[in-house]
Structure formats: structure tokens, C-alpha cells
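Hi,

Here is the structure I said I would pass on. Have a look at it first, and my notes follow below.

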Amino acid sequence: MDFLNTNTGQNNFNNPNGGHTTVYIDDRPMNNVEGRMTVSGSLMQNIGDPGFNTLDEPIKTTIMRDLKAVGMKFKHVLYLKEKNTLLKEWDLWGPLMLCTFMAMVLQASPDSVQIGDGGPEFAEVFVIIWIGSVIITLNSKLLGGTISFFQSVCVLGYCLLPIVIALIVCRFILIFEQTNFLFFIRFAISIGSFLWSTYASVVFLGDSQPQGKKALAVYPIFLFYFIMSWLVLSHTV
């Protein structure tokens, strides 16, 4: 064991160090010992070190790292190759952005409300998405699902991405004068996004459900994305 001994000299006034404390480690003098207070005795760490505290990094770095993580999860939804990312590194930033965007686009305009042909309000879309996700998650847990509550909400929220893309495309098509052909295109896009969102969520959540109960877990997911796709297709204002 190492012992720390201090020696200030017999006379501090005659000592060239002016009373400076000399620290002895293993009987070897260590002069001019300097340091700073650290958390739990650890050394100062740089950005990227394993134990680095994110509170000490620049805000720009934190925001860019979170946006990159959200973008990677969007990629996994569109390109179903790695299905464990959404479960292991879950977050609610992506679902919040998708939900807010859909609510803003689908909300009815003041003119359409007056003529009785308006769409849902902002709060209605917001509530449908989040309450629907909560109900599906509770159903999954009651059936014996092995994932956590927030993991399920994360997956359901991120899998809204195909429907959001369909909403953007359909919104662009509505700029032109509507015909039966354009309606068929909007219908096909909405159905395709519905099927992709349902398939992606089943891929991510399917393994967490017990055998023999997967159909009971998939049915609410099917209904949830069908309602969201119907809102996209019926949006004409």
C-alpha cells in the first residue's frame, strides 16, 4: 500500500519552498503536486470518452447526435435490416416529430370548418396517435409481451413514417385539379403506406409476443394504422 507523508521542513521561513508541502509517495518526494476536484475521484474526460457526462458537452453536439440517432431509426423503418435498434435504443423524439407534423398538416382550416367539410383538429390527431399507441402497448403487455412500455410506444411512433411520407405525397397531389385517376393514385399510396407501417411494426414487435397470441397483438396495430391511413386519404382540404 502506498503511504502519503508530508514534510514542511524544520523552518518554513528558511525553507526555499516557502512552506510548500512536499508529498512522499513510496519514500520518493513529489514536489509541486497539483490537481482539481473531480466527481468520484475520476479524471477529467473528453467528449467521446466512455464515462463522459453529456451535460459537459456543447449543445450543438448533443442536438446533432440526437438528430443522427433519430435519422438512423427512420432508416431502419424504411429499410428493415436491423430490427433491434428501435428496441435497444428507444426514444420518443421521432414519434413526437411525426405526430406533430401529421397533426399540423391534417388539421382543418378555418374556411373548411365553416362549410362543414373540415378535417380533424390538431388536438384530435395528437390524441388519436398517442392514445392509440398506449392502448396497443397495454394490450401487448396484457398478452404477455416481453418489451417495455416505452419501447412499444417508440416502435409504433417510428413506424408512422411511411404514412407521413404518404401524407406529404398526397398533399402535393391535392395541388392539382382532382380526377378519378389522381384519387386512385392517392388511394394506392395510402394503402401502400398502411401495409408498410403495419408490416414494419410487426417485424419489430412480433418476436416479443408469445406464440399463439400474435394475432391478438397484431389486430390493434392493424386497426391503428388503418385509421391513420384513412385520415390521410380523406384529407382533401
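**What I found**

Ile128, Tyr219, Phe222, Leu223, Phe226, Ile227 and Trp230 form a nonpolar patch of about 690 Å² on the surface. Keep in mind as you read on that this is a predicted model. Helix α9 gives the patch its largest share, with six residues. Ile128 sits in helix α5, which runs over residues 122-142. With a relative accessible area of 33%, Ile128 is partly exposed.

**The overall picture**

The protein has nine helices and three strands. Along the sequence the order is β-β-β-α-α-α-α-α-α-α-α-α, so going by the way these elements are numbered from the N terminus, α1 comes after the strands. Of the 237 residues, 33% are buried. Among contacts with a separation of 6 or more, 64% are between residues 24 or more positions apart. The exposed area is about 15,400 Å², and carbon and sulfur atoms supply 64% of that.

**The salt bridge and what sits around it**

How many salt bridges does the structure hold? Just one. It pairs the side chains of Lys73 and Asp91, at 3.1 Å from N to O. Lys73 is in helix α1 while Asp91 is in the loop between α2 (85-88) and α3, so the pair ties together parts that are 18 residues apart in sequence.

Are the two partners buried or exposed? Lys73 is buried, at a relative accessible area of 3%. Asp91 is buried too, at 14%; the cut-off for that label is under 20%.

Asp91 has another partner to look at: its side chain makes a polar contact of 2.7 Å with the side chain of Tyr158. Tyr158 belongs to helix α6 and is buried, with 0% relative accessibility. In sequence, Tyr158 and Met97 are 61 residues apart, yet their C-alpha atoms are 9.5 Å apart in space.

**Gln151, also in α6**

Helix α6 also holds Gln151. This residue counts as buried because its relative accessibility is 17% and the limit is 20%. The Gln151 side chain reaches the backbone nitrogen of Ser148 at 2.9 Å. Leaving out residues up to four places away in sequence, Gln151 touches Leu87, Lys88 and Trp90.

**Helix α7**

The last item is α7, which covers residues 161-173 and so has 13 of them. From first C-alpha to last, α7 reaches 19 Å, close to the 18 Å expected at 1.5 Å a residue. Which of its residues are buried? They are Leu161, Pro162, Ile163, Val164, Ala166, Leu167, Cys170 and Ile173. An α-helix has 3.6 residues a turn, so residues three or four places apart point the same way. That is handy when you look at the buried positions in α7, which include Ile163, Ala166, Leu167, Cys170 and Ile173.

And what covers those buried residues? The cover includes α1 (59-78), α3 (93-106), α6 (149-158), α8 (180-205) and α9 (214-234). Two of these helices have come up already: α6 is where Tyr158 is placed, and α9 supplies the largest share of the nonpolar patch.

Cheers

Conventions: Residues are numbered from 1 along each chain as its sequence is written. This is a predicted model: local features need pLDDT of at least 70, side-chain atom pairs count only at pLDDT 80 or more; totals for chains, interfaces and linings use all residues. Side-chain values use heavy atoms; hydrogens and water are left out. Helices (H or I, at least four residues) and strands (E, at least two) are DSSP runs, numbered from the N terminus. The expected span of a helix is 1.5 Å times one less than its number of residues. Buried means under 20% relative accessible area, exposed over 50%, partly exposed in between (1.4 Å probe, protein chains only). Contact means heavy atoms within 4.5 Å. A salt bridge is a side-chain nitrogen of Lys or Arg within 4 Å of a carboxyl oxygen of Asp or Glu. Patches are made of residues with over 30% relative accessible area and no salt bridge: like charges are joined within 9 Å, nonpolar side chains (Val, Leu, Ile, Met, Phe, Trp, Tyr) within 5 Å. Accessible areas come from the Shrake-Rupley method with a 1.4 Å probe; for residues, only the protein chains shown count as cover. A polar contact is a pair of N or O atoms within 3.5 Å; within protein, one must be able to donate a hydrogen and the other to accept it, and residues adjacent in sequence count only if both atoms are side-chain atoms.
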